[in-house]
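Q: Could you take me through one part of this model in detail, namely how one chain meets its neighbours? I'd like the contacts first, then whatever sits behind them.

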4 protein chains.
Amino acid sequence: MTVAAVPAPELDVERWFNTESTPTLAGLRGEVVVIEAFQMLCPGCVSHGLPQAQRIANTFGRDLVILGLHTVFEHHEAMRPVSLEAFLYEYRIGFPVGVDRNDGSDSIPNTMRAFGMRGTPSLIAIDRHGLIRLHAFGQVDELAVGATLARLVDEPR
Amino acid sequence: MTVAAVPAPELDVERWFNTESTPTLAGLRGEVVVIEAFQMLCPGCVSHGLPQAQRIANTFGRDLVILGLHTVFEHHEAMRPVSLEAFLYEYRIGFPVGVDRNDGSDSIPNTMRAFGMRGTPSLIAIDRHGLIRLHAFGQVDELAVGATLARLVDEPR
Amino acid sequence: MTVAAVPAPELDVERWFNTESTPTLAGLRGEVVVIEAFQMLCPGCVSHGLPQAQRIANTFGRDLVILGLHTVFEHHEAMRPVSLEAFLYEYRIGFPVGVDRNDGSDSIPNTMRAFGMRGTPSLIAIDRHGLIRLHAFGQVDELAVGATLARLVDEPR
Amino acid sequence: MTVAAVPAPELDVERWFNTESTPTLAGLRGEVVVIEAFQMLCPGCVSHGLPQAQRIANTFGRDLVILGLHTVFEHHEAMRPVSLEAFLYEYRIGFPVGVDRNDGSDSIPNTMRAFGMRGTPSLIAIDRHGLIRLHAFGQVDELAVGATLARLVDEPR
């Protein structure tokens, strides 16, 4: 788990699911924001990352904001938004999920590149000042995640 | 688990993955054939049905023929062959998988309707004479599956 | 999994739990007999071997006879029958369990030595003629166990 | 999970394993102390409580003190210290474990009664001032435990 207290870049999302609004990190300044970056056909995301994100939503409730980010960097044709929408329905993902935009310069989508994510699943936590305080790739220790998020939640607004 | 020793209808497949040939039940007469019917976005298929099919392939090897069948009856646009292909790659499904054809009369594809499958995952075993001897929906007891398949394998050709 | 079609030696049990009778392999000739050899403080027995034996009992019912055998070869003082009795109650083990006798010549109890078991858990299946047809140590593939037991059950009495 | 900020009663332990010293809550004042109360033949303790305690020890390291407490309130003859010692060895429990003393007045041992524990497993966290801040029975949410312990660790000495 890498803690790098650098400012989080803004999200670059082409479309949101599970929300009427258009979340931005600028608009969420003052909140603790957790981002679960995933691909719908990534087995580790399905078995580990997304269930953990759902548990975070259940345990921390309104103390933080959890956002999914569909960061497709392979099999682009296989994971179009129409497929993602059915996936979110079947796996009962209830939090907002954005589709990371790809400007076409390479296979990595824009937000994924801006954050320097190594792959999926990636779990990122951003503090009330917009700083990245947790940036983890792969399977993440549940007790440590709970500890880190509690500390961010407890920081003054 | 329903054992109904009725003749298996023929497969109606629009496209095969993981095989150069075009498997048919008529062509496989004399073999024990196991069909794992699934949808790529069905959580129970991903967590239970397909892993069990992979274990069947590992345990029984050349003693039987295992075929996957992508029986899409909902979210059709979400589970097109281009998505299935990436799914099979990411989940390391190595046995032949056919896309059940839909003639457009309703949401249920042709082979699924002909077999009278209740949903996905469905596990079907067909004996050397082309009779359906196992037809199970949902989570299936592993010991019982092993017992049933051994008995079919041991029947004379 | 080692299949060694040699005659099974007789059980040498100092005490039985979960049965009023005194099972012997001679008395069970004609039946398929499955022996789950375990130690109550062996983690692999608790997490894998005994649950599998319970599933075998559930799946095969009266088609075979399942016996537990407490083959203590270490920590003898820790796993006396008074402790075993509470263990069987707490873990809801319902099939007969015998305490393998130790004649004091070494740490290995008599039946364990006679069968040449490598450790615990060990799963042994004996056919209707009293021959050992399955002798497996450690974690055992569930489909293969189901297949082997079905074949033994189907053999003529 | 019940948070009851009452003073923790002192431990009443007849014997310690995995430590040369004799831990007391008075002596540990100033530290965050986590107590995992268990019985070695309690299935939920083996499958959930003790593995969670080991993960707490791994994740929080020297930031807190974790103590096991063998609170035998049934099958007393089955879970004597000689059996516990083998259990701790086989399950690789490395933190100090005390045997809760039973003064013979009833089946509940002294520390268990003083804390008002409902059963096993029980997870208790005591803050730097000796107050009980977490007192949970049964299966406990891992994220919530991580959050609670982080908050206690962060409180000033």
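**Chain D and its neighbours**

A: Let's start with the side facing chain C: 14 residues of chain D are in contact with 14 residues of chain C. Bear in mind that this is a predicted model. Two elements of chain D give two or more residues each to that side, H1 and helix H2 (81–90). H2(D) supplies the largest share, 6 residues. Sorted by class, the side of chain D that touches chain C has 9 nonpolar, 2 polar and 3 charged residues.

How do the two copies relate? Chain D lands on chain C after a rotation of 180° with 0.0 Å of shift along the axis, at an RMSD of 0.0 Å. The copies meet through the same surface, because 100% of the interface residues of chain D are interface residues in chain C as well.

Now swing round to chain A. This contact takes 14 residues from chain D and 14 residues from chain A. On the chain D side, helix H1 (43–60) and helix H4 (142–154) are the elements giving two or more residues. H4(D) brings the largest share here, 10 residues. By class, the side of chain D that touches chain A comes out at 7 nonpolar, 2 polar and 5 charged residues.

For this pair, a rotation of 180° with 0.0 Å of shift along its axis superposes chain D on chain A, RMSD 0.0 Å. That is how a two-fold axis relates its copies. The same surface serves both, with 100% of the contact residues of chain D recurring in chain A.

What about the remaining pairs? Chain B and chain D share no contact, and their closest C-alpha atoms lie 22 Å apart. Likewise, no contact joins chain A and chain C, where the closest C-alpha atoms are 22 Å apart.

Behind the contact between chains A and D there's a residue to look at, Leu149. The largest nonpolar core holds 192 residues, and A:Leu149, B:Leu149, C:Leu149 and D:Leu149 touch the most other members. Setting aside neighbours within four places in sequence, A:Leu149 contacts A:Val32, A:Val34, A:Ile56, A:Phe60, A:Leu64 and A:Ala125 in its own chain, plus D:Ala147 across in chain D. In general, nonpolar side chains of soluble globular proteins tend to be buried together.

Helix H2 deserves a look in chain A too. In H2(A), residues 81–90, the buried residues are A:Ser83, A:Leu84, A:Ala86, A:Phe87, A:Leu88 and A:Glu90. They pack against strand E1 (13–17), strand E3 (65–70) and strand E4 (97–100) of chain A, and also against helix H1 (43–60) and helix H2 (81–90) of chain B. Just after H2(A), A:Arg92 takes a positive phi of about 55°.

Next, the sheet that these helices lie on, seen in chain C. Its 6 strands form an open sheet in the order E1-E4-E3-E2-E5-E6, with mixed pairing. Strand E1 (13–17) and strand E6 (132–137) of chain C are the edges: each has a single partner strand, so one side of each is left without a neighbour in the sheet. On average, neighbouring strands are turned by 20° against each other, direction ignored.

Within that sheet, strand E3 (residues 65–70) and strand E4 (residues 97–100) of chain C run parallel and are joined by 3 bridges. C:His70 sits opposite C:Val99 in E4(C). Helix H1 (residues 43–60) of chain C packs on the sheet, where it touches strand E2 (33–38), E3 and strand E5 (122–126) of chain C, and its direction makes about 160° with that of E2(C). Helix H2 (residues 81–90) of chain C packs on the sheet as well, touching E1, E3 and E4 of chain C, with its direction at about 30° to that of E1(C).

Over in chain B, is strand E3 enclosed or open? Strand E3 (residues 65–70) of chain B is largely enclosed by the rest of the structure, because 5 of its 6 residues are buried. Strand E2 (residues 33–38) of chain B runs parallel to E3(B), and 6 bridges join the two. B:Phe38 has B:His70 in E3(B) as its bridge partner.

One last stop is A:Arg113, in helix H3 (residues 110–115) of chain A. A:Arg113 counts as partly exposed, with 18 C-beta neighbours inside 10 Å. A:Asn102 is 11 residues away from A:Arg113 in sequence and 9.8 Å away in space, C-alpha to C-alpha.

Conventions:
Residues numbered from 1 in each chain as written. Chains lettered and ligands numbered in written order. Predicted model: local features only at pLDDT ≥ 70, side-chain atom pairs only at ≥ 80, totals over all residues. Least-squares fit on C-alpha atoms with pLDDT ≥ 70 in both. Contact = placed C-beta atoms within 7 Å. Helix = DSSP H or I, 4+ residues; strand = E, 2+ residues; numbered from the N terminus. Nonpolar A, V, L, I, M, F, W, Y, C, P; charged D, E, K, R; others polar. Core = buried A, V, L, I, M, F, W, Y, C linked by C-beta atoms within 7 Å. Buried ≥ 20, exposed ≤ 12 C-beta atoms within 10 Å, placed from the backbone. Pairing = 2+ DSSP bridges. Axes fitted to C-alpha atoms, helices over the stretch in contact; angles between N-to-C directions.
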